[in-house]
Amino acid sequence: MMNDPLETKIDNDLLHELYTNEFSESELPQNFYFKRNNIDEFQYRAFGFSTSKSGDDLSQWRSYTQKTKGVCIEFDKEALEKQLVKLLHEKRPVSCECVYSITKERELLQRYVQLVRSNGWYKVMNQSNPEFMEHGLTQFEYMLAFQEMAIQIKHESFEPESEIRFFLLQDNFNGDIEIKPCAGGLTRYVNVNITPECIKSIRTGPLVDKRNKFMIQELFMSKMDKFVEVSETASPYL
């Protein structure tokens with residue numbers, strides 16, 4: 001489950017406009033099903049792991065820890081991506097930088113429509129197309145591409161978070177799906193192997209007891225046989 005109910009919600013009017021500009025009525029009729037109305041179902045098929053380019057931001061200490069008594073983990077992006085790719089049926093993107101403006105959303109949607117053209121996906125979208133039956137397998141491809149595009153879109157109010165999102169899509173996932181309790185009741189999740197190479201450093205929150213630095217380093221040494229640099233936040237908090 002995601003904390004922004006508008007996540008993955010596409011501007012359908014904008015997408016329709018871009019399709020109309022790109023395709024003739026015979027290539028892709030305007031009444032074809034190009035949008036996904038059930039946003040809950042869309043989110044249900046995506047597994048996300050959110051990080052931020054802002055490594056020490058007071059607003060995030062306040063929002064994502066209990067009274068700023070928490071830690072910030074710095075990940076190695078490439079190492080983490082390698083672990084995610086191992087869980088896929090085929091190699092595809094597993095991370096993205098989120099976009100927060102209508103201008104950026106338009107650019108994403110435009111690139112997707114161009115892929116629909118260049119890859120011939122519009123032929124399988126249109127059941128009246130003479131080549132419809134010959135392109136049945138490409139339905140999987142255009143749906144994955146659509147999901148990969150949509151998962152990058154967030155509401156502008158979240159822009160200060162500068163989110164980099166790691167994600168797996170159920171349609172391309174090769175592993176077990178687990179269920180656990182959450183604030184909304186139950187949620188589905190997948191396990192990703194976090195190797196020592198994935199973690200670069202740890203930063204403690206404003207009100208974390210300084211003596212925890214040693215304990216954190218000892219924990220990583222005993223569990224991962226890795227020395228991890230632990231520093232304190234520069235953010236003040238009262």
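A contact is defined here as heavy atoms within 4.5 Å. By that criterion, residues 24 or more positions apart account for 75% of the contacts in the protein chain with a separation of 6 or more. The model is predicted, with local features requiring pLDDT of at least 70 and side-chain atom pairs counted only at pLDDT 80 or more, whereas totals for chains, interfaces and linings use all residues. Residues are numbered from 1 along each chain as its sequence is written, and side-chain values use heavy atoms, with hydrogens and water left out.

**Figure 1. Overview of the protein chain, with eight helices and eight strands.** Helices (H or I, at least four residues) and strands (E, at least two) are DSSP runs, numbered from the N terminus. Of the 238 residues in the chain, 42% are buried; buried denotes under 20% relative accessible area, exposed over 50%, and partly exposed the range in between (1.4 Å probe, protein chains only). The accessible surface amounts to about 14,300 Å², and carbon and sulfur atoms contribute 50% of that area. Accessible areas were computed by the Shrake-Rupley method with a 1.4 Å probe; for residues, only the protein chains shown count as cover.

**Figure 2. Surroundings of Ser95 in strand S3 (residues 95-97).** Ser95 counts as buried because its relative accessibility is 16%. Its side chain makes a polar contact of 2.5 Å with the side chain of Glu81, and another, of 3.3 Å, joins the side chains of Ser95 and Lys77. A polar contact is a pair of N or O atoms within 3.5 Å; within protein, one must be able to donate a hydrogen and the other to accept it, and residues adjacent in sequence count only if both atoms are side-chain atoms. Leaving aside residues up to four places away in sequence, Ser95 touches Lys77, Glu81, Arg165, Phe166 and Phe167.

**Figure 3. Cysteine environment of Cys98 and Cys72.** A disulfide is a pair of cysteine sulfur atoms within 2.5 Å, and the count by this rule is zero. For Cys98, the closest cysteine sulfur belongs to Cys96 and lies 4.8 Å away, too far for a bond. Cys98 is buried at a relative accessible area of 9%, whereas Cys72 is partly exposed at 24%.

**Figure 4. Aromatic pairs, including Tyr19 with Phe23.** A pair of aromatic rings is described by the distance of the centres and the angle of the planes. Rings of Phe, Tyr and Trp (its six-membered ring) pair if their centres lie within 6.5 Å; planes under 30 degrees apart count as stacked, over 60 as edge-to-face and the rest as tilted. Seven aromatic pairs meet this rule. The ring centres of Tyr19 and Phe23 are 6.1 Å apart with planes at 35 degrees, so the pair is tilted. Tyr19 is buried, at 3% relative accessible area, and Phe23 is buried as well, at 6%. Phe49 and Phe166 also form a tilted pair, at 6.2 Å centre to centre and 50 degrees between the planes. This pair links distant parts of the chain, 117 residues apart: Phe49 is in strand S1 (residues 46-52) and Phe166 in strand S4 (residues 163-169). Phe49 is partly exposed at 36% relative accessibility, whereas Phe166 is buried at 4%. One aromatic cluster is formed by Tyr19, Phe23 and Tyr122.

**Figure 5. Lysine charges over the rings of Phe158 and Tyr189.** A charge sits over a ring if NZ of Lys or CZ of Arg is within 6 Å of the ring centre and within 35 degrees of the ring normal. The charged end of Lys154 is 4.3 Å from the ring centre of Phe158. Lys180 lies over the face of Tyr189, 5.1 Å from the ring centre.
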